[in-house]
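Colleague: I've just opened this one and would like to go through it with you. Could we start with a single residue and work outwards?

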Amino acid sequence: MPVVFSTGSLHPFGLDRVYGWAAEAGFDGVEVMMDERWDTHQHAYINELSERHGIPVVALHPPIYRSAWRLGTEETLIRSARLAGKIGGPVVVAHPPPPGRPLARWSAGALAEARGFGVPVAVENMPKPDRGFTVRRKSCHRPEHLLGLGDVTIDTSHVGASGVELMEFWEGLKDQLRHVHLSDSDLSGGDQHRLPGKGKLPLREFLAGIGGSAYPGAISLELKPWPLGTPHPEVIMERMKTALEFTREGLDG
């Protein structure tokens, strides 16, 4: 099962450098986190990086905030799916709107249109809103919010931030699971994205379950830059290798 590295984990660095580190550490590919930089939007450059470093793009994550296209979130998702078709058809990760009518409209509209490009689009579980940091009162943070939406992404840090048991979350959605964002949380609150094994989530049990299942996707390490040792390259490399080893050992049970 492929274990890949999200370039968003080291977003203060350039895409080329992160590709190089992922290849050197031994990852099977990358998940490209798109942002406001054109380097994350242009298929020719992304394909060039994959060829140069010898690792494929396994997933594509549309921008969380602003994109170089300066478009709304729905049109950005649709364009991202079109881009994915030009870089080998990786999984596209989609952030959903709140449950209820907004989710239903989005599912029938932008999500359906994005999936029309023939690439898998996996809807990600979101963290439960924190009143101190967001004006949004609701989010798709429980497994029942994503039932019936087709392919989904489980983000383990988001699960930890939502007060839901990870194994319960996986059991509820494993038949729809297409992609995984792996990181840890100490369960004290907030979306933490700690190094695997540096928190309280049952990640070994979770990985063993996935490794013994018919799951068809990859495990993507999506972390924050500071737990990886930013800005020190030697520390970053050591921690990337440690996280990769943890994940592969977990999948082997």
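**Walking through the model**

Colleague: Does Pro90 count as buried or exposed?

Modeller: Pro90 counts as buried, because its relative accessibility is 3%. Here buried means under 20% relative accessible area, exposed means over 50%, and partly exposed is in between, using a 1.4 Å probe and protein chains only. Accessible areas come from the Shrake-Rupley method with that 1.4 Å probe, and for residues only the protein chains shown count as cover.

Colleague: Before we go on, what kind of model is this?

Modeller: It is a predicted model, in which local features need pLDDT of at least 70 and side-chain atom pairs count only at pLDDT 80 or more, while totals for chains, interfaces and linings use all residues. Residues are numbered from 1 along each chain as its sequence is written, and side-chain values use heavy atoms, with hydrogens and water left out.

Colleague: Good. Where is the place of Pro90, and what is Pro90 in contact with?

Modeller: Pro90 sits in the loop between helix 3 and strand 4. Helices (H or I, at least four residues) and strands (E, at least two) are DSSP runs, numbered from the N terminus. Leaving aside neighbours within four places in sequence, Pro90 contacts Val57, Val58, Ala59, Leu60, Ala84, Val119 and Pro120; contact means heavy atoms within 4.5 Å.

Colleague: And helix 3 itself, which residues are buried there?

Modeller: Thr76, Leu77, Ile78, Ser80, Ala81, Leu83 and Ala84 are the buried ones in helix 3. Their cover includes helix 2 (43-53), strand 3, strand 4, helix 4 and strand 5.

Colleague: What does Ser80 touch?

Modeller: Not counting residues up to four places away in sequence, Ser80 touches Met34, Leu60, Pro62, Pro63, Trp69 and Val92. Ser80 counts as buried because its relative accessibility is 0%.

Colleague: How does the span of helix 3 come out?

Modeller: It agrees: at 1.5 Å a residue, 12 residues should span 16 Å, and the end C-alpha atoms of helix 3 are 16 Å apart. The expected span is 1.5 Å times one less than the number of residues in the helix.

Colleague: Now helix 4. Where does helix 4 bend?

Modeller: Helix 4 bends by about 40° at Ser107. The bend is the angle between axes fitted to the seven residues ending at that point and the seven starting there. The end-to-end span still agrees with expectation: the 15 residues of helix 4 (residues 101-115) should cover 21 Å, and the end C-alpha atoms are 20 Å apart.

Colleague: Which residues of helix 4 are buried, and what covers them?

Modeller: Leu103, Trp106, Ala110, Leu111 and Ala114 are buried. Helix 3 (73-84), strand 4 (91-94), strand 5 (121-124) and helix 5 (143-146) are included in what covers them.

Colleague: Changing topic, how many residues has the largest nonpolar core?

Modeller: The largest core has 69 residues, and those with the most contacts inside it are Phe5, Leu10, Tyr19, Phe27, Phe206, Ile210 and Met240. Helix 9 (residues 233-251) gives the largest share of this core, 7 residues. A nonpolar core is a set of buried Ala, Val, Leu, Ile, Met, Phe, Trp, Tyr and Cys residues joined through side-chain atoms within 4.5 Å.

Colleague: What does Met240 touch?

Modeller: Beyond residues up to four places away in sequence, Met240 touches Phe5, Leu10, Trp21, Ala22, Ala25, Phe27 and Leu228.

Colleague: Any backbone oddities? For a start, which peptide bond is cis?

Modeller: The bond from Thr230 to Pro231 is cis, with omega near 15°. Pro231 lies in the loop between strand 8 (219-221) and helix 9. Two residues other than glycine also deserve a look. Arg70 has a positive phi near 60° and is exposed, with a relative accessible area of 56%. Leu187 has a positive phi of about 65° and is partly exposed at 45% relative accessibility.

Colleague: Where do Arg70 and Leu187 sit?

Modeller: Arg70 is in the loop between strand 3 (57-61) and helix 3, while Leu187 is in the loop between strand 7 (177-182) and helix 8 (203-211).

Colleague: Last one, the whole chain. How many helices and strands are there?

Modeller: The protein chain has 9 helices and 8 strands. Of its 253 residues, 51% count as buried. Its radius of gyration is 17 Å, which agrees with the value near 18 Å for a compact globule of 253 residues. That radius is taken over C-alpha atoms, and the globule rule is 2.2 Å times the number of residues to the power 0.38.
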